[in-house]
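Me: Please take a close look at the salt bridges in this model and explain where they sit. I would then like to see how their surroundings connect to the rest of the chain.

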Amino acid sequence: MKKVLPLLGVLLLASCGVAYHSSSVSEGVTDAGSKVRVIPLTAETVLAANRSSYVPKQLPEAFFASAGTSGGFNMPSTAIEPAFLPETRPGRLETRVPPEAVRDAYRIGIEDKLLLATPSAATSVEQLSGLLAAENRRQGYTVQDDGAISIPDVGRVVVAGKTLEEAENSVFNKLVEAGINPAFSLEIAEFNSQRVTVGGAVQNATVVPLTLTPLRLNQAINAAGGFDLADQDYASVRIYRDGTLYQIPVTEYFKKGELQNVVLQNGDSVFVDTEFELDKASEYFAQQIQLNTFRQTARKNALDELELEVDLRRSELEEQRENFSDRLAVDAVERDYAYLVGEVFKQARYPLPFERRATLADALYSESSGFHSRTGNPRQIYILRGNENPNEFSGVTAWNLDATNAANFILATRMELRPNDVIFIAEQPITKWNRVLTQLAPNLVTSSVASAVN
């Protein structure tokens, strides 16, 4: 009987709460003067709790900016004054016909626009949806500076310098490699890479593109609106090709069909001249060469400048992001926190994320801390939130989640957290008794030994 009395006494003390004290949430006024109001979490109270104003912390602008420049691609322009030579009238204009142009299949070049089309929308819409959309909108693929086109879900295909048949083979191989049904047709929608310039005494100076069919001299002149001559007897058609100047008098041009059917090739310049000396025509073609050379050089310089500017901008953005990450790692960035206490794996502060709102479920099941299901009481999960009204500074609202019904966990995914919220999980009753017994075990042993000695 003497051995049992110490045990009963100790248990009596534990039941009175003398041997062990645990945290709990009680409605009313606390010893510290806080006014606690417990509100069960329901669908309606969650909506009421989420109405409080809160704007999550924002990431720096460097995380949203791109390395592109607002200035865009600027090509410098220039104007070259035409040469003027006094008119002289020779007795007879010499006819010098250019050699026959080399006949070759059209080779795709930079700035050409290709169109990929599927033969049947019903069988190809899934595999070639991007290509079909381009066909329906009549939007093709422009050959870029590196000589390639970029096809969605397929990648870049180099087509510059290839005939249409060779380009089809390249696209076919890419489609097969990508696992897409290679049923398609390829055509050139716009011819922009190869051209002939027409100027001088014509209605409208123009640039005529070369296409799949040969371009003849009369077609080029007609594309410029035809001749604009006051006196065709002293006019000539000059063709500048590969550094050599050729001449066809207009009178001879109209008489002979073979002169009208002279085939032009890429880079030819046609100038209808009403002057009688080759110097002016030579000056015109020299100007064309000079202007083309300048544009090519200016384009390359502009591309190099743009690439350098993008690289510098990208480096600057990366440095700003790394600096922010370093400051965040040493806790030097102002941000919002909630706090987890009670029966959690690790009592800690939970950082509220940037750019979005976190929920109770995010905090309970975070990697750094979480709900201890063995020792925590699922009936008593609380969010303790202070009153924002300065006149009620001591007011505390305890939003209570009863998770004994697992369906109520859906409320945890909707209950938004606010800065300085305290998430508290009370202990299970059996957990409390286990901890009481753990604390009292040494006293029980000591009391039992003393009783046995007596």
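Reply:
**Salt bridges and their setting**

There are 20 salt bridges in the structure, which is a predicted model. The protein has 454 residues, of which 35% count as buried, and its secondary structure comprises twelve helices and 19 strands. The account below takes several of the bridges in turn and then turns to their surroundings.

The pair formed by Arg241 and Asp268 has its closest N and O atoms 2.8 Å apart. Because Arg241 belongs to strand 11 (residues 236-241) and Asp268 to the loop between strand 13 (263-264) and strand 14 (269-273), this bridge ties together parts that are 27 residues apart in sequence. Is each partner buried or exposed? The limit for a buried residue is under 20% relative accessible area. Arg241 has 5% and therefore counts as buried; Asp268 has 2%, so the acidic partner is buried as well.

A second bridge joins the side chains of Arg349 and Asp331, with an N to O distance of 2.5 Å. This pair also links distant parts of the chain: Arg349 is in strand 16 (residues 348-351), while Asp331 is in the loop between helix 9 (278-329) and strand 15 (337-342), and the two residues are 18 apart. Here the partners are partly exposed, with a relative accessible area of 37% for Arg349 and 41% for Asp331. Arg349 has a further partner, since Arg349 lies over the face of Tyr337, at 3.9 Å from the ring centre.

Arg96 and Glu94 supply another example, in which the closest N and O atoms are 4.0 Å apart. Arg96 is partly exposed at 28% relative accessibility, and Glu94 is partly exposed at 44%. Salt bridges may also be joined to one another: Asp104, Arg107 and Glu166 are linked in a network of them.

Tyr337, the ring beneath Arg349, leads to another acidic residue. With residues up to four places away in sequence left aside, Asp421 touches Tyr337, Ala338, Tyr339, Ile383, Leu384, Arg385 and Glu416. Asp421 is placed in the loop between helix 11 and strand 19 (422-427), and its relative accessibility of 1% makes this loop residue buried. Across the protein, contacts between residues at least 6 apart in sequence join residues at least 24 apart in 68% of cases.

Helix 11 (409-412), which precedes the loop of Asp421, also takes part in the covering of helix 2. Within helix 2 (residues 43-50), Thr45, Val46, Ala49 and Asn50 are buried. These four residues lie on the same side of the helix, because the arc they cover around its axis is only 135 degrees. In an α-helix, residues three or four places apart point the same way, because there are 3.6 residues a turn. On the other side of helix 2, Glu44 and Leu47 are exposed. Besides helix 11, the elements that cover the buried residues include strand 2 (35-40), strand 17 (376-386) and strand 18 (395-401).

Aromatic side chains form a separate set of contacts, with eight aromatic pairs in the whole structure. Tyr253 and Phe254 are one of these pairs: their ring centres are 5.4 Å apart and their planes stand at 75 degrees, so the arrangement is edge-to-face. Which member of this pair is buried, and which is partly exposed? Tyr253 is buried, having a relative accessible area of 4%, whereas Phe254 reaches 44% and is partly exposed. Elsewhere, ring pairs connect Phe63, Phe324 and Phe354 into a cluster.

An arginine also appears in the pairing of two strands. Strand 8 (residues 195-200) and strand 9 (residues 206-209) run antiparallel and are joined by four bridges. Arg195 has Pro209 of strand 9 as its bridge partner. With five residues between them, strand 8 and strand 9 form a hairpin.

To return to the salt bridges, the examples show two settings. Arg241 and Asp268 are buried, while Arg349 and Asp331 are partly exposed.

Key
Residues are numbered from 1 along each chain as its sequence is written. This is a predicted model: local features need pLDDT of at least 70, side-chain atom pairs count only at pLDDT 80 or more; totals for chains, interfaces and linings use all residues. Side-chain values use heavy atoms; hydrogens and water are left out. Rings of Phe, Tyr and Trp (its six-membered ring) pair if their centres lie within 6.5 Å; planes under 30 degrees apart count as stacked, over 60 as edge-to-face and the rest as tilted. Buried means under 20% relative accessible area, exposed over 50%, partly exposed in between (1.4 Å probe, protein chains only). A charge sits over a ring if NZ of Lys or CZ of Arg is within 6 Å of the ring centre and within 35 degrees of the ring normal. The arc is that of the directions from the helix axis to the C-beta atoms. Contact means heavy atoms within 4.5 Å. Two strands pair if DSSP finds at least two bridges between them.
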